[in-house]
Amino acid sequence: MEDLCSKREELNRQITQEEEEKDRLQHDVRVLTEKLSRVNESLAHRLAARANFDQTIAETQAAYTKILESSHSLLSVLKQETGNLSKATEPRRKDH
């Protein structure tokens, strides 16, 4: 009978230890779940901000490219008109 009581007492001690471990683990899971939720929320905000930056960069690059193309066109027209003006202001030669 003493042996059975001793084994029961040991088993009861093990059960108590496992219940305490279970409670600690459940607490850790709750803490980690809350932390995961905060990280996911932060990540979603950062991803949205990055998408906005990407869009702004793409729009800015497109606008810059248009400005550059317009500048090249304007420069080409300006060179052509300068050439035309130079020809128009040159003294005319008399052909003999």
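**Exercise 1. In this predicted model, classify Glu 21 as buried, partly exposed or exposed, and then identify its salt-bridge partner and where that partner stands in the helix.**

Solution. Glu 21 has a relative accessible area of 35%, and because partly exposed covers the range between 20% and 50%, Glu 21 is partly exposed. The partner is Arg 24, whose salt bridge with Glu 21 brings the closest N and O atoms to 2.6 Å from each other. Arg 24 is likewise partly exposed, since its relative accessibility is 46%. As for position, Arg 24 and Glu 21 stand about one helical turn apart, because three residues separate them in helix α1.

**Exercise 2. Determine how many salt bridges the structure holds, and describe those formed by Glu 10 and by Asp 3.**

Solution. The structure holds three salt bridges, one of them being the pair of Arg 24 and Glu 21 already treated. Glu 10 meets the side chain of Arg 13 in a salt bridge with an N to O distance of 2.3 Å. Three residues separate Arg 13 and Glu 10 in helix α1, so about one helical turn lies between them. Glu 10 has a relative accessible area of 33% and is therefore partly exposed, and Arg 13, with 40%, is partly exposed as well.

Asp 3 pairs with Lys 7, and here the closest N and O atoms are 3.8 Å apart, which is still within the 4 Å cut-off for a salt bridge. Asp 3 and Lys 7 both belong to helix α1 and are four residues apart, about one turn of the helix. Asp 3 is partly exposed at a relative accessible area of 48%, whereas Lys 7 reaches 53% and counts as exposed, because the boundary between partly exposed and exposed is set at 50%. In general terms, side chains of opposite charge can pair when their charged atoms come close.

**Exercise 3. Find which residues gather with Glu 19 in a surface patch, and state the charge of that patch.**

Solution. Glu 19 gathers with Glu 18, Glu 20 and Asp 23 on the surface, and the patch carries negative charge. Glu 19 lies in helix α1, which spans residues 2-89, and its relative accessibility of 46% makes it partly exposed.

**Exercise 4. Decide whether the chain is more spread out or less spread out than a compact globule, beginning from its secondary structure.**

Solution. The secondary structure consists of one helix and zero strands. The radius of gyration is 41 Å, well over the 12 Å that the globule rule gives for 96 residues, and the chain is therefore more spread out than a compact globule. Taken along the principal axes, the box filled by the C-alpha atoms is roughly 145 × 20 × 10 Å. A local distance can be set beside these values: Ser 42 and His 27, which are 15 residues apart along the chain, have C-alpha atoms separated by 23 Å. Ser 42 lies in helix α1 and, at 30% relative accessibility, counts as partly exposed.

**Exercise 5. State what percentage of the residues is buried, and then describe the exposed area and the charges of the chain.**

Solution. Buried residues account for 0% of the 96 residues in the chain. The chain exposes about 9700 Å², of which carbon and sulfur atoms supply 57%. The chain has 16 positive and 18 negative charges, and the mean positions of these two sets are 17 Å apart.

Note on methods: Residues are numbered from 1 along each chain as its sequence is written. This is a predicted model: local features need pLDDT of at least 70, side-chain atom pairs count only at pLDDT 80 or more; totals for chains, interfaces and linings use all residues. Side-chain values use heavy atoms; hydrogens and water are left out. Patches are made of residues with over 30% relative accessible area and no salt bridge: like charges are joined within 9 Å, nonpolar side chains (Val, Leu, Ile, Met, Phe, Trp, Tyr) within 5 Å. Accessible areas come from the Shrake-Rupley method with a 1.4 Å probe; for residues, only the protein chains shown count as cover. Lys and Arg count as positive and Asp and Glu as negative; His and the chain ends are not counted. The place of a charge is taken as NZ of Lys, CZ of Arg, CG of Asp or CD of Glu. Helices (H or I, at least four residues) and strands (E, at least two) are DSSP runs, numbered from the N terminus. Buried means under 20% relative accessible area, exposed over 50%, partly exposed in between (1.4 Å probe, protein chains only). The radius of gyration is taken over C-alpha atoms; the globule rule is 2.2 Å times the number of residues to the power 0.38.
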